[in-house]
Amino acid sequence: MPDRETLFITGFPGFIANRLLERLARTHSGFILLVQPTLRTRATEEIARIAQLTGRNDFQIVEGDITEPGLALDPHDLELVQQQTTRVLHLAAIYDLAVPRDLALRVNPGGTRNVLELVRSMRHLRQFHHVSTCYVAGRRVGVILESELRHDAGYRNFYEESKYLAELEVETAKNELPITIHRPAVVCGDSRTGETSKYDGVYYLILYLLRWPSGLSLINIGNPEVSLNLVPVDFVVDAMAALAFDEKAVGKTLQLADPSPLTTADLFNAIAKSIDDRHSRITAPARVVYRFLMLPPSPRITGLPHHAVPYFFVKQLYDTTQAQQLLSPHGIKCPPFESYVDRIVDFVRQHPVISRG
């Protein structure tokens, strides 16, 4: 057994992976980071930033690709990963609602299958963490339990389908490997700083209202019967970091979601109040809003692409019982959106355009 824990992380550099490494770097663990060759420079810059914050610079980079057998690791790096790794955090995936099916299947279930094959050869494995999504529930409606996965309700896009198939691969391996599955809801910026690396999800609504606050805020285009489950990235990172070494999480699937999400109508008003201290006067009928948003010119008017529209009409609630039970001893819980909406909005105001991360 190695003298200390060594964590093998895929998906670095990335929105969640960067923050997770920064958080975990404050432990005494070692780190092996799987980095695509084209992202080597960016990864090196991110490591330099983390090293300045944490005072350590002993991170090991191995170049590879999850879509290739053996992750395309050279023999030396492959042996390093197999011999030293004690815990795996698999974050690498395609996070794109408009992804083509072939690419989605090659990266998400295909890549996960390759990672699992490597994990099976790790001599000292203690835990394998797989990052999935609440949206593996596809077109299901109602309450989604953490213990539920298999369904035939269909999907809104190939992203959902591919993440479902990837989680299915991991779920099937639970009987032979020490696995924990994490299902985040819609991840937004940091609840303390508002910082994010991309504008999607709730940011479409924020940017829409910022165009003309006094006018657009009057007509609520949200829905009082539908919730958009938002979680700040720091909550997701803190949860994963805490459970990275928690043996009680082995065998569990955990929905990292807000147990009391706002309806999209309340979400609209919370953002409008933060932007200009205004509240909507009327709520537009959901059917009318949906039809308008799906018209060909609508994305140019609202900024909301057609592939994102369905997520403001998803009638799903995510049970978080197991996640809360495991996170409670660590003092970690999802903050309500109202407690950090001002910081999210302020960040957008100060950074009207950001490069995708």
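**Entry 1: around helix α2**

I started just past α2, where Gly55 has a positive phi of about 75 degrees. A reminder to myself: this is a predicted model, and I read everything below in that light.

Then I went back over the helix itself. α2 covers residues 40-54, and at 1.5 Å a residue its 15 residues should span 21 Å; I get 21 Å between the end C-alpha atoms, so the two agree. Which residues of α2 are buried? I listed Ala43, Glu46, Ile47, Ile50 and Ala51. Looking down the axis, I see these buried residues within an arc of 145 degrees, so they line one face of the helix. That fits the textbook picture: an α-helix has 3.6 residues a turn, so residues three or four places apart point the same way. On the face turned away from the buried side I noted the exposed residues Thr41, Glu45 and Gln52. I also looked up what covers the buried residues of α2, and the cover includes α1 (15-24), β2 (30-35) and β3 (60-63).

**Entry 2: helix α14**

I gave α14 (residues 341-350) the same treatment. Its buried residues are Val341, Ile344, Val345, Phe347 and Val348. They take up an arc of only 155 degrees around the axis, which puts them on the same side of α14. What do the buried residues of α14 pack against? I found β8 (186-188), α7 (202-211) and α10.

**Entry 3: aromatic pairs**

I counted 8 aromatic pairs. I picked out Phe31 and Phe59: the ring centres are 5.8 Å apart and the planes are at 45 degrees, so I put the pair down as tilted. Phe31 is in strand β2 and Phe59 in the loop between α2 and β3, so this pair ties together parts that are 28 residues apart in sequence. Both Phe31 and Phe59 are buried.

Next I took Tyr135 and Tyr318, an edge-to-face pair with 6.0 Å centre to centre and 80 degrees between the planes. Where do the two sit in the chain? Tyr135 is in the loop between β5 (127-131) and β6 (142-144), while Tyr318 is in strand β13; they are 183 residues apart, and the pair links distant parts of the chain. Tyr135 and Tyr318 are both buried. I followed the ring pairs a little further and found Tyr135, Tyr311 and Tyr318 linked into a cluster. Tyr311 has a charge on it as well: the charged end of Arg156 sits over its ring, 5.4 Å from the centre.

**Entry 4: Asn157**

From Arg156 I stepped along to Asn157, which is in the loop between β6 and α6 (158-172). Buried or exposed? Asn157 counts as buried, because its relative accessibility is 12% and the cut-off for buried is under 20%. I traced its side chain to the backbone nitrogen of Glu160, at 2.9 Å. Setting aside neighbours within four places in sequence, I have Asn157 in contact with Leu97 and Tyr311, and that Tyr311 belongs to the ring cluster above.

**Entry 5: Thr320**

Thr320 is in the loop between β13 (316-318) and α13 (321-327). I noted Thr320 as buried because its relative accessibility is 3%. Its side chain makes a polar contact of 2.7 Å with the side chain of Gln324. What else does Thr320 touch, not counting residues up to four places away in sequence? I wrote down Glu146, Gln255, Ala257 and Pro259.

**Entry 6: backbone oddities**

I checked Phe12 and Pro13 and found a cis peptide bond joining them, with omega about -5 degrees. Pro13 is in the loop between β1 (6-10) and α1.

I also looked up two residues other than glycine with a positive phi. Leu71 has phi near 60 degrees and lies in the loop between β3 and α3 (75-84). Asp277 has phi near 55 degrees and is in the loop between α10 (264-276) and β12 (282-283). On accessibility I got opposite answers: Leu71 is buried, with a relative accessible area of 0%, whereas Asp277 counts as exposed at 59%.

Methods: Residues are numbered from 1 along each chain as its sequence is written. This is a predicted model: local features need pLDDT of at least 70, side-chain atom pairs count only at pLDDT 80 or more; totals for chains, interfaces and linings use all residues. Side-chain values use heavy atoms; hydrogens and water are left out. Helices (H or I, at least four residues) and strands (E, at least two) are DSSP runs, numbered from the N terminus. Buried means under 20% relative accessible area, exposed over 50%, partly exposed in between (1.4 Å probe, protein chains only). A polar contact is a pair of N or O atoms within 3.5 Å; within protein, one must be able to donate a hydrogen and the other to accept it, and residues adjacent in sequence count only if both atoms are side-chain atoms. Contact means heavy atoms within 4.5 Å. The expected span of a helix is 1.5 Å times one less than its number of residues. The arc is that of the directions from the helix axis to the C-beta atoms. Rings of Phe, Tyr and Trp (its six-membered ring) pair if their centres lie within 6.5 Å; planes under 30 degrees apart count as stacked, over 60 as edge-to-face and the rest as tilted. A charge sits over a ring if NZ of Lys or CZ of Arg is within 6 Å of the ring centre and within 35 degrees of the ring normal.
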